[in-house]
Structures are given as C-alpha cells and as structure tokens.
Amino acid sequence: MLIGMTILAVAFLVARPSVTLTRGGKQLTFVVLFLLPIITATMGAAEHMERSEQTQFCLSCHIMEPYGKSLLVDDATYLPAAHYQNGRIPRDQACYTCHTDYVLYGTALAKMRGLRHVYMQYFGKVTFPIRLYTPYNNRECLHCHAGARSFEEGVVHSADPSIMAAIKSNELSCVSSGCHQTVHDVAHLGEVKFWEPPK
C-alpha cells in the first residue's frame, strides 16, 4: 500500500509540476521523493528480515531441500533432527535458531558472503554438499544449552571440570569432537528412515 501511495504521489508531481512552486508543494515534494521511499525501504527490509528467519524461507532454495529433509530423519543421533522433532528449537525458525551468526544476521563479512550466495544461486555453480566457511562455533549450541540442567549435569560434560571449560571456550567442539557429530548428513539421506510429523 505504501509503495502504491508513493507511486501515485510521484505520478501526481510529474503530471502537475506547478505544485512544487508553492511552499506546501515543496514540502510535499520532499515527503514524496525522499521520506516515503526511505520509509518504504525500511519497512520492506524489516519485513524481509523477519521472513528470512523462517525455516520455509531457508528451504525455498533448491540446494537447501536435502537439509530440510534431514530435519525429519528418524534417528536421535542426527543432531538437527533430534532438536527439530522434539521441539527443542522453534520449528518455524529451525535454521535461524542454530545458525544465528550466519549470512544476514552476522558480521559485514557474513553479509558479503550472503550476497555471494545469491549470486551463486542465480549465476554461478553451487557446490554440494554445502560447507560452512568456519567451523561450527559452540556459542550457537550454548545459546540454549548453557545453564540447562541436562547439559550442565550431563555425565560426559560434568565428568571433569576441564571438559565443561573446554566446551564453553570452544576449544572442544560439540559437533566435531566425536560427541554430536551427525549433523546434516545429506549424502546418506537415501539410506535412512524418516519421521512423519503428526497432522
């Protein structure tokens, strides 16, 4: 609606340029040509950011389909599947919840990588399977698990105080240290059974 209003206002100014000769006309021109486009762009960006946090948005790219399927693997050792199926993360924000430092949500470098992804999606060759630019940081796990009794008092985690310190400092990886290593194993999706969510 705001875009339509802006277009109509600009069309009015183009059709009747004499309006800009009065003080009120100059103020109207300023609002139409400068303020309305800024407001429209800001609202559009906010709406897009909110939409881009949705699992459905992430899986809208063809290359991401297998990663979406991996959320439904019927095997508790598949880390994303266990979190998704048991409601440990919001299902409608599954990707964003575990990858909050990624692409649009991270640093300026991450945003540049996001633009590269868009370019590769439409004009380049996408490599499969997708690889993270940097090793997965335990910080993403600790957003939810730090302070949780099951994590803090877990047999392996609390067996030695140095283990918990190494996990929290990211010296001992949650996903590549042999503990929770089955993440999105998209290469073997043809060999697994899938969970059917209740309707």
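Colleague: Which residues make up the largest nonpolar core?

Modeller: In this predicted model, the largest nonpolar core has nine residues: Leu-79, Tyr-136, Cys-141, Leu-142, Phe-151, Met-164, Ile-167, Cys-174 and Val-175. Two elements, α8 (138-145) and α11, each give two or more residues to this core.

Colleague: What makes such a set a nonpolar core?

Modeller: Its members must be buried residues of listed types, Leu, Tyr, Cys, Phe, Met, Ile and Val among them, joined through side-chain atoms within 4.5 Å. In soluble globular proteins, nonpolar side chains tend to be buried together. A second, separate core has six residues, including Tyr-67, Tyr-78, Ala-81 and Leu-189.

Colleague: What does Tyr-136 touch, leaving out residues up to four places away in sequence?

Modeller: Tyr-136 touches Cys-98, His-99, Cys-141, Asn-170, Ser-173 and Val-175. Of these, Cys-141 and Val-175 are listed in the nine-residue core.

Colleague: Why is Asn-138 called buried?

Modeller: The cut-off for buried is under 20% relative accessible area. Asn-138 has 1%, so Asn-138 is buried. Asn-138 lies in helix α8. Neighbours within four places in sequence aside, Asn-138 is in contact with Ile-167, Asn-170, Leu-172, Ser-173 and Cys-174.

Colleague: Asn-170 has come up twice. What is noted about its phi?

Modeller: Phi of Asn-170 is near 70°, a positive value in a residue other than glycine. Most residues other than glycine have a negative phi. Asn-170 is found in the segment after α11.

Colleague: Is Asn-170 buried, exposed or partly exposed, and why?

Modeller: Partly exposed is the class between the 20% and 50% limits. Asn-170 has a relative accessible area of 31%, so Asn-170 is partly exposed.

Colleague: How many salt bridges are there, and what makes Lys-193 and Asp-74 one of them?

Modeller: The structure holds four salt bridges. The closest N and O atoms of Lys-193 and Asp-74 are 3.4 Å apart, and the limit is 4 Å, so the pair counts as a salt bridge. The pair links distant parts of the chain, 119 residues apart. Lys-193 is in the segment after α11 (161-168), and Asp-74 is in the loop between α4 (65-69) and α5 (79-85). Lys-193 is exposed at 59%, while Asp-74 is partly exposed at 37%.

Colleague: How do you know that Glu-140 and Arg-139 form a salt bridge?

Modeller: By the distance: the closest N and O atoms are 3.1 Å apart, and the limit is 4 Å. Glu-140 has a relative accessible area of 4% and is therefore buried. Arg-139 has 39% and is partly exposed.

Colleague: What is the distance for Glu-153 and Arg-149?

Modeller: Their closest N and O atoms are 2.9 Å apart, and the two form a salt bridge. Exposed means over 50%. Glu-153 has 52%, so Glu-153 counts as exposed. Arg-149 has 64%, so Arg-149 counts as exposed.

Colleague: Why is Cys-95 said to be in no disulfide?

Modeller: A disulfide needs two cysteine sulfur atoms within 2.5 Å. The nearest cysteine sulfur to Cys-95, that of Cys-58, is 3.9 Å away. That is outside the limit, so Cys-95 is in no disulfide. Cys-95 counts as buried, at 16% relative accessibility.

Colleague: And which cysteine sulfur is nearest to Cys-179?

Modeller: That of Cys-174, at 7.8 Å, and Cys-179 is in no disulfide. Cys-179 is partly exposed, with a relative accessible area of 48%. The structure holds zero disulfides.

Colleague: What span does helix α1 have, and what is expected?

Modeller: Helix α1 (residues 2-15) has 14 residues and reaches 20 Å from its first C-alpha to its last. That is close to the 20 Å expected at 1.5 Å a residue.

Colleague: How do you know that the buried residues of α1 are on the same side?

Modeller: The buried residues of α1 are Thr-6, Ala-9 and Leu-13. They cover an arc of only 65° around the axis, so they are on the same side of α1. An α-helix has 3.6 residues a turn, so residues three or four places apart point the same way. The buried residues of α1 pack against α2 (23-52). The face turned away from that buried side carries the exposed residues Ile-3, Ile-7, Leu-8, Val-14 and Ala-15.

Key: Residues numbered from 1 in each chain as written. Predicted model: local features only at pLDDT ≥ 70, side-chain atom pairs only at ≥ 80, totals over all residues. Heavy atoms only, no water. Salt bridge = Lys/Arg side-chain N within 4 Å of Asp/Glu carboxyl O. Helix = DSSP H or I, 4+ residues; strand = E, 2+ residues; numbered from the N terminus. Buried < 20%, exposed > 50% of the residue type's maximum accessible area, 1.4 Å probe, protein only. Contact = heavy atoms within 4.5 Å. Expected span 1.5 Å × (residues − 1). Arc of directions from axis to C-beta.
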